[in-house]
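Please look over the sequence and the model below, and keep them at hand while reading the report that follows.

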Amino acid sequence: MPDNILPSGAMPVSYTGSLAAENRRAIDSAIRRGISQAVLACRDDLQSTERHEPPTLAEIAAEGPLKPEREWRLVDGDILRIGATPSSPVIDVGKVFPHWIPAGGHLEVETGDPVRAVNWGRYLFGDRGYAVLTRSSTPDRLLVRPLAEPLREKDFGGFVPTISNQPGHRGVPTRVPAAGGRLVTDPGLQPLIVATADGHRLYRKEFADSPTEWAGENIDSGLADPSNPGALDRADAARVVEALTYEYPDDLAIAHFLVTLDRSLFKTMSATDRARYLSALLRVSRQAVKDVDSEQLGSAIVELLASCPSKWELDALLLPLAADGTLLKLFSQLDKPAFQLLFAVGRHIAVAPPTPEQLLELLGKMLKNPRLIPDIEQLLSGGYDWGRKTVGGVGELPRLPMQIVEIVPKMFELYWLLCRAFGAIPVVPIPGMPNVPLGSDPEALAQVHALLTHMGSAGSTALAGLGHIEALLGAKSSVTDALTQTVHINIVLELLTAFAGVPATAALATLETLTTRVRLFEALATALKWGDVGEVGRIIELLPARYQHDLTAILDNAPKLSANLRRFLTTQEKRAAARRLQDAMEVAKTIKQAVGPGTELAEVWAGANHILEVVGTKAQWSAETVNALLRGVSRAEMPVLLRIADRLEADWLATMDAVTFIRVARARGAEEFVADAGPAVVRVTAHRFGTTTARYEHFLARVAEARKSHGPQKEYQLWERLTKDDPVGFGDSDMLERAKAAAQHALYVEQRETIPASALGDIAKITDTQVFRRRFEKFLRDNPDHPLRFLLDEETGRLHAKFGDAVVWNENSKQLEISHLTSAKSGGTDMVLGSRHTNQWDSRNVEGARGRGSSHVTDQALEIGGWPVEQRTALDWVLDGYLDPDVLARARWISYQP
């Protein structure tokens, strides 16, 4: 392959001879990693086969100008260039006088697909904004460059509705920036798209005159289609970033990459890369560096730390910073990002919500403080918005609908309510309020508990994080004291928000009218066969933001009077939105019913939101599959499962299939393991040991034993080893051998129930292998919680493909063949499920030349979940960890005797 092309696509690896199953994945990963590193190490443009430490900033300055531009060829002919790129103005955001924002920097992507261009821009430059440029010299190619300064919707006053003047589309409703937002019109190099840091795109041309024209209408349609050739996921972009920084480029180059990256990419990084990037950013932050925005640099440092998926990895990065004083300096230098770091740390710690007594004491202290109003003004001017940025995705901090002059009276009113609830004597006079009666007021106490149920949790989470930071530092300081005051104000504002009656989510406020919304709810209730229209509204309020967008899209230009769902769904996009919405509602209702009244829904709904974010994004997470699996989860298990989903978050859930997630989440000890080990460890170990719940429980028990002899540093090494899929010390082949031996003894020695073949119903009447195979395949698709579901490829929805030779068949018992219970040459017609290995062994060694034409004759099979299974195959599945031994222990014999 040319040496300036990154390795991409599948890398076939085959095995011969005997190989332990539990080591194969590690060897496979090592081979792939070695090949990739060898290719990267021999690139001409890197011109080095030796690893080297990054140069210091002084050494960079001594080298003079930046190094020449380097090119990297990516997928489908895309080219990424690293090095100084030309800067040119792309958009004017001035309201009175021109204020041009240029695009350019130290990284650009060239592509021929506008959908791919938007995706590259979103991931590589999403935290700043980007421009997609066309050139007159190469009209079929596009350049994607970062904006020189962050651009947000508020910079041009948001959008206002208007009527299009575009030829051929005059009179069509559209939106334009309220002030400014004018794209440059240089024919040599002009923007096709300018995107803001908050995800809004401004197009040079909104409406398309043909299906292939590079216009906003077509580009938006392509972005909404997951099968579009220009689709690009986070993992693709993350691999590019990893490759770019693989050979230790200088600190400045790393800073230029990271400050513009979409922060979602940080979560895809390995622990090693995250530590390396953090060290580089901290070194750059100690000096004033040209072309690196200090606020963005600080934000990148904090968000890199905040992206750690587990407490062990976060502590591994924070402990050295605490020891050398860097951590305290970090908090003293940073302003807004500090709250996000506290929130991120707190998420890995058990958070106790404030008690009414604590709030009473806190409010009393704040009302006695003469700096109350200045402190609140300072927080509202910025601090409260950090909290919104941190947790706004789940609507925990809606904007406080009060002016500063209204807040203090509201605080006194709230304080009076708390005093009444506990019969406490106020520590400060309460203006305009009657005296607090002696004794607790039950009505006031009930109101306080209702407030605690509806208030946000960001402040409490940040307070828990601050406590952990102080423990790492070993003592309090003026910096942490100031942070404590800020967090306390945030907690009070959250309580005031609930006290003022602000709803938990403001997403439905964008809908046109209440009556239109009710009619749509009626239509959805009819389509879903739900009798309660109110339940539709309650379920919709619980859905993640992406479904609220679907709801808004359906209500756009809604019919005036109709409650018929088909009248709402006038376009293909609306019909697709309705399908997604109905699927999510069915899943949400299943979860809500399973949680039951014994658990406060707000405690676990964040995890439900993460599950709903993944539903429908891929075949393994289809709504039908998820719904069927969740219906099998008991009321006692559901809150635990949702808390695990909350820890893993949607991105990590998407890396495993729904069946595996449910198996792992139902294992005893899984919740504690996920909290301690983090999602990266869970993903790897679930793939290896999560074939059954019982097998994963055995793995968790082995980990618990190992941790007893580990100190903090060794425990960090344990998690890191498991992240790299190194199972040494945790392999379960001995356990599986014992399970097979016990199952074999139980089959042939102990008594068990026998049923006639007729008890299988019409399955026993099928005599064609292909008909039997199709029937079984469809059954598994419809029953995701069936014990034989492992025979279905979750990505394709088909039975696992047959491939390889006898050695491969022996190592892959999931390769299924429908076989005759008695050899077909002897007249056998009864069908059973068996492995390809077992069936081909019989064909070769019994029925073939080695068996000299003998026949395989038996009149018994095992009934597992209503299907006949060949007994040797069932034992092999236990040995390979696919079939739970308890399932086989409950299997009944099937008699095929006439």
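## Helix α16

In this predicted model, helix α16 covers residues 458-473, and because each residue should add 1.5 Å, its 16 residues are expected to span 22 Å. The C-alpha atoms at the two ends of α16 are 22 Å apart, which agrees with that expectation.

Is α16 enclosed by the rest of the structure or not, and how many of its residues are buried? Of its 16 residues, 12 are buried, so α16 is largely enclosed by the rest of the structure. Among these buried residues are Ala458, Gly459, Ser460, Thr461 and Ala462 towards the beginning of the list, and His468, Ile469, Glu470 and Leu472 towards its end. Just after α16 comes Gly474, which takes a positive phi of about 90°.

## Helix α3 and Asn119

Helix α3, made of residues 114-125, can be examined by the same kind of reasoning: at 1.5 Å a residue, its 12 residues should span 16 Å, and its end C-alpha atoms are 15 Å apart, which agrees. At the start of α3, a side-chain oxygen of Asp113 reaches to within 2.8 Å of the backbone nitrogen of Val115. Because 11 of the 12 residues of α3 are buried, this helix is largely enclosed by the rest of the structure. The buried residues of α3 include Pro114, Val115, Arg116, Trp120, Tyr123 and Phe125.

One residue of α3 that can be followed further is Asn119. Asn119 has a relative accessible area of 5%, and because buried means under 20%, Asn119 counts as buried. Which residues is Asn119 in contact with, once its neighbours within four places in sequence are left aside? The contacts of Asn119 are then with Leu223, Gly230, Ala231 and Leu232.

## Aromatic pairs

The structure holds 12 aromatic pairs. One of them is formed by Phe673 and Trp719, whose rings lie 5.7 Å centre to centre with 70° between the planes, an edge-to-face arrangement. This pair links distant parts of the chain, since Phe673 belongs to helix α27 (residues 670-677) and Trp719 to helix α30 (residues 712-723), and the two are 46 residues apart. Both Phe673 and Trp719 are buried.

A further edge-to-face pair is that of Phe790 and Trp877, with 5.2 Å centre to centre and 80° between the planes. Here too the pair links distant parts of the chain: Phe790 sits in the loop between α32 (769-782) and β14 (792-793), whereas Trp877 is in helix α35 (residues 871-879), 87 residues away. Phe790 and Trp877 are both buried. Ring pairs also link Phe673, Phe689, Tyr696, Phe699, Trp719 and Phe730 into a cluster.

## Cysteines

A disulfide is a covalent bond between the sulfur atoms of two cysteines. How many disulfides are counted in this model? The count, which requires sulfur atoms within 2.5 Å, comes to zero. Cys308 has a relative accessible area of 3% and is therefore buried, and Cys419, at 0% relative accessibility, counts as buried as well.

## The protein as a whole

The protein contains 36 helices and 20 strands, and buried residues make up 51% of its 898 residues. Among the contacts with a separation of 6 or more, 68% are accounted for by residues 24 or more positions apart. The accessible surface of the protein comes to about 42100 Å², and 53% of that surface belongs to carbon and sulfur atoms.

Conventions. Residues numbered from 1 in each chain as written. Heavy atoms only, no water. Helix = DSSP H or I, 4+ residues; strand = E, 2+ residues; numbered from the N terminus. Expected span 1.5 Å × (residues − 1). Buried < 20%, exposed > 50% of the residue type's maximum accessible area, 1.4 Å probe, protein only. Polar contact = N/O pair within 3.5 Å; in protein donor to acceptor, adjacent residues only side chain to side chain. Contact = heavy atoms within 4.5 Å. Areas by Shrake-Rupley, 256 points an atom, 1.4 Å probe, with all protein chains shown as cover. Phe/Tyr/Trp six-rings, centres within 6.5 Å; stacked < 30°, edge-to-face > 60°.
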